[in-house]
Amino acid sequence: MEEAQSHHLNPLNSEGKDDQFNFLYGGKKGMMSKEEIEKFWKGGFVMSLQQVSPNFVIDERNRNLIGAIYTWIWSNLGRFPPGVLDPHKGLLLWGEIGTGKTTLLKGIQRYLATINQIAYGFRASNICIEIRSAAEIALRYSIDGINALDYWTDRNMAGNLAIDEIGREELSKHFGTSCNVVQTVLQLRYEQRHNILTLGSTNMDMAHPDEFRERYGDYIMDRAKEMFNFVKVGGGSRRR
């Protein structure tokens, strides 16, 4: 996805159905207008991003991207019609160093936790996302072996996962047994893609994914296309 277009939609959709009305009021009808609800939830997403990075701002470099991710979140929850990002797939944020990929992942994580708290009364922990770096997952394997990966791959244990900095991990060894851990995790999570979401970030160029293909193989490359929306995070470095 090169340039995502923002979909200016209200979590209370155009029909204003009662179930959506109650959902976004937390069961308290009549306290806010539709416009106020929309402002509240959009502002909540920006606040979540600013809690991660206090200097975060929406500008011409990221406005369309933030709008597309906002729509993706709510369409994944069944509250918006799909936008430019497929709500049945996760997100693989790619771009150069410093463009804000990790900030976006952590902001999404915080926002979903807020939705779980306010809209669901903490009853929808299944919508929340755990974030682990690829390097950390590799380290866990080197210490505990293949069983360490069960937490992120076993169908009875695994939940939504964001793998940060894909491609920066080293090939792991556990008592001499080598493992390409990201390849293994993606392969096993692919089989559960309809039940759990996988997100990620990488500095690799996913518009020309030769490096990704070389590192993880043709099989995972093909599976990644089914698991992820490839989302370019451009605009140059935001680090100060």
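**Strand 6 and the cavity**

Both faces of strand 6 are covered, with Thr198, Gly200 and Thr202 buried on one side and Leu199 and Ser201 buried on the other. This is a predicted model, in which local features need pLDDT of at least 70, side-chain atom pairs count only at pLDDT 80 or more, and totals for chains, interfaces and linings use all residues. Residues are numbered from 1 along each chain as its sequence is written, and side-chain values use heavy atoms, with hydrogens and water left out.

User: What makes strand 6 largely enclosed by the rest of the structure?

Analyst: Buried means under 20% relative accessible area with a 1.4 Å probe, protein chains only. In strand 6 (residues 198–202), 5 of the 5 residues are buried, so the strand is largely enclosed.

User: Why is strand 6 said to pair with strand 3?

Analyst: Strands are DSSP runs (E, at least two residues), numbered from the N terminus, and two of them pair if DSSP finds at least two bridges between them. Strand 3 (residues 161–166) and strand 6 have 4 bridges, in the parallel sense, so they pair. Ala162 has Leu199 as its bridge partner there. Strand 1 (residues 90–94) also runs parallel to strand 6, joined by 3 bridges, and Leu93 is partnered with Ser201.

User: Why is the space of about 50 Å³ called a cavity?

Analyst: On a 1 Å grid over the protein atoms alone, a cavity is a set of points where a 1.4 Å probe fits but cannot get out; lining residues have an atom within 4 Å of a point. The search finds 1 cavity of 30 Å³ or more. Its lining includes His88, Arg193 and Thr198.

Key: 1 Å grid on protein atoms, 1.4 Å probe; cavity = no way out; pocket = protein on both sides within 12 Å on 5 of 7 lines; lining within 4 Å. Points joined across faces, edges and corners; volume = space filled by probe spheres on them. Buried < 20%, exposed > 50% of the residue type's maximum accessible area, 1.4 Å probe, protein only.
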